[in-house]
Amino acid sequence: MKKLIIAFCLTVGISIFVSCAKEFDFSTSNLSTTIEQNSDFAIPLVDASITLGEILPSKTDINRYLIIDGNNFMTLQYEYDFADYPAADFFKGYSLTGNPLPYIKDSVGPQIVQVGLDKFLNNGEFFLANPQITITIINYWDVPTQILLTDFYYYKSDNSPALPVIVDNGTIAVNRPLSPGSSAITEIKLDSTNSNMADVISAMPNHLSFGAIYETITTPPVSYDINPATIDSVKLKIEVPLDLRITNLVLADTSAADLTSGLGKDTSAVTSIGINLIVQNGFPFSLAAKIYFADENYAILDSVVNIDNKEIIIPTGITVAGKVTQSTESINSIQIENGKMANLLKAKYIITKITFNTSNAGTGETVKLYSDYKIGLKIGARIKLKLKT
């Protein structure tokens with residue numbers, strides 16, 4: 001979740017609660033005695049639900065490449081114009097009409113295909129069930145040609161060693177147009193049946209490199225007649241259906257937090273804060289959240305745990321055949337008082353670490369992501385104040 005909902009709500013909620021304190025701390029010279037009164041306030045904070053589609057960013061690359069089909073199933077798709085071959089350049093030095101067809105070879109050096117999936121992986125395991133790469137060749141020349149894939153590698157990070165993309169048959173005959181002026185389409189699909197594509201994309205690579213040799217086939221000899229204005233092209237498309245398995249994927253976030261701003265120097269009126277977090281999870285993954293208070297040097301002052309002194313747990317929705325069929329409800333109660341309250345008010349940063357696991361990840365099952373998956377969130381709080389009158 002983009003801004004880590006639990007940490008955000010906790011921070012905002014506590015800010016609201018403690019900001020109320022000064023409204024109840026008053027004195028007047030007309031009173032000759034001071035009376036302390038303990039007050040207890042229950043405050044509803046959040047009662048909302050949101051779908052997976054609604055929390056996706058609206059103006060980012062991931063959204064631009066996200067395809068949602070009629071059943072709300074989600075696929076990441078990247079498309080690249082890999083190379084263009086103008087006839088005048090490819091046949092340079094040769095006549096565009098003749099008999100027999102000469103042997104011509106054109107090499108395209110490795111092109112970098114930025115994928116950027118590595119930014120989503122911070123330890124843990126990520127497996128994608130059915131990724132594929134489609135290489136599309138649009139050919140206007142009625143001559144026998146073939147394309148040979150070369151320098152095909154993937155890179156886990158920007159400067160990591162090259163790892164090979166293994167393809168069963170890297171040489172592909174190119175389809176020829178049926179009539180002058182028309183074109184023919186050749187599609188080469190690389191998936192788990194003919195390559196190591198599942199391992200490649202599941203490695204969440206930073207980028208791929210991909211080269212090619214485009215050459216004529218001169219046996220048996222043929223005559224040819226090429227329109228000099230035609231341009232053959234090669235396009236590349238990466239499709240990543242979000243049918244996946246996540247094991248112990250950790251996402252961390254650090255946000256500034258100065259909860260004493262606006263309170264002045266006296267925060268003694270706040271004696272404790274209790275928070276109830278109720279989640280109806282219709283997503284196919286569980287979350288285990290750890291939240292820490294840190295000082296200006298990022299040294300840990302304290303942590304937030306539930307009332308049983310354990311990390312905050314949100315179990316996965318119930319899945320059948322990889323699809324969520326029923327939401328689960330969880331309740332986490334958090335109590336902040338005395339020393340923990342003082343550490344919270346001293347904190348300059350809140351550090352959140354959330355561990356994700358998809359449903360039944362331990363058995364090897366994958367889950368499918370649909371944009372209409374929904375999560376419901378209710379947050380209520382109880383704040384105790386010591387009022388002076």
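# Reading a predicted fold

Me: Which residues does Asp232 touch, not counting residues up to four places away in sequence?

Reply: In this predicted model, Asp232 touches Ala83, Asp84, Tyr85, Ile138, Asn139, Tyr140, Trp141 and Tyr214. Asp232 sits in strand 14, residues 231–241.

Me: What makes these count as contacts?

Reply: A contact needs heavy atoms within 4.5 Å. Each of the residues named, Ala83 among them, meets that test with Asp232.

Me: How far apart are the C-alpha atoms of Asp232 and Ala83?

Reply: They are separated by 8.5 Å. Along the chain, these two residues are 149 residues apart.

Me: Why is Asp232 called buried?

Reply: Buried means under 20% relative accessible area. Asp232 has 0% relative accessibility, so Asp232 counts as buried.

Me: How much of the protein chain is buried?

Reply: Buried residues make up 46% of the 389 residues. The accessible surface of the chain comes to about 19,700 Å². Of that surface, 51% belongs to carbon and sulfur atoms.

Me: Which residues have the most contacts inside the largest nonpolar core?

Reply: They are Phe91, Ile133, Ile135, Trp141 and Ile238. This core has 88 residues. Nonpolar side chains tend to be buried together in soluble globular proteins.

Me: What does Ile133 contact, leaving aside its neighbours within four places in sequence?

Reply: Its contacts are Phe152, Ile188, Lys189, Leu190, Met197, Leu208, Leu236, Lys237 and Ile238. Over the whole chain, consider the contacts with a separation of 6 or more: residues 24 or more positions apart account for 87% of them.

Me: How do you know that strand 18 is mostly covered?

Reply: Count its residues. Strand 18 spans residues 285–294, and 8 of its 10 residues are buried.

Me: What makes strand 18 and strand 24 a pair?

Reply: Two strands pair if there are at least two bridges between them. Strand 18 and strand 24, residues 349–358, have 10 bridges, so they pair. The two run antiparallel. In this pairing, Ile291 stands opposite Thr352.

Me: Which bridge partners do Ile291 and Ala288 have in strand 19 and strand 20?

Reply: Ile291 is bridged to Val304 in strand 19. Ala288 is bridged to Ile313 in strand 20. Strand 19, residues 300–304, pairs with strand 18 over 4 bridges in the antiparallel sense. Strand 20, residues 312–314, pairs with strand 18 over 3 bridges, again antiparallel.

Me: What is noted about phi at Tyr298?

Reply: Phi of Tyr298 is near 65 degrees, a positive value in a residue other than glycine. Most residues other than glycine have a negative phi. Tyr298 lies in the loop between strand 18 and strand 19. That hairpin has 5 residues between the strands.

Me: Why is Tyr298 called partly exposed?

Reply: Partly exposed lies between the 20% and 50% limits. Tyr298 is at 46% relative accessibility, so the label fits.

Me: What about Asp151: which sign has its phi?

Reply: Positive, at about 50 degrees, although Asp151 is not a glycine. Asp151 lies in strand 8, residues 145–155. Its relative accessible area is 35%, so Asp151 is partly exposed.

Me: What makes strand 2 and strand 11 edge strands?

Reply: Begin with the sheet. Its 5 strands form an open sheet in the order 2-3-14-7-11, with antiparallel pairing. Strand 2 (66–68) and strand 11 (184–190) each pair on one side only. Neighbouring strands of this sheet are turned by 25 degrees against each other on average, direction ignored. Strand 2 pairs with strand 3, residues 74–86, over 3 bridges. There, Leu66 stands opposite Leu76.

Me: Where are Pro100 and Pro220 found?

Reply: Pro100 is in the loop between strand 4 (97–98) and strand 5 (105–114). A cis peptide bond joins Asn99 and Pro100, with omega about 0 degrees. Pro220 is in the loop between strand 12 (207–216) and strand 13 (224–225). The bond from Thr219 to Pro220 is also cis, with omega near 0 degrees. Most peptide bonds are trans.

Me: Where does pLDDT stay under 50?

Reply: Over residues 1–35. The model has 66 contacts beyond four places in sequence for this stretch. Where pLDDT is low, the predicted coordinates should not be read in detail. The chain as a whole averages a pLDDT of 81, and 82% of the residues score at least 70.

Note on methods:
Residues are numbered from 1 along each chain as its sequence is written. This is a predicted model: local features need pLDDT of at least 70, side-chain atom pairs count only at pLDDT 80 or more; totals for chains, interfaces and linings use all residues. Side-chain values use heavy atoms; hydrogens and water are left out. A nonpolar core is a set of buried Ala, Val, Leu, Ile, Met, Phe, Trp, Tyr and Cys residues joined through side-chain atoms within 4.5 Å. Buried means under 20% relative accessible area, exposed over 50%, partly exposed in between (1.4 Å probe, protein chains only). Axes are lines fitted to C-alpha atoms, for helices over the stretch in contact, and angles run from 0 to 180 degrees between N-to-C directions. Accessible areas come from the Shrake-Rupley method with a 1.4 Å probe; for residues, only the protein chains shown count as cover. pLDDT is the predictor's confidence in each residue, from 0 to 100.
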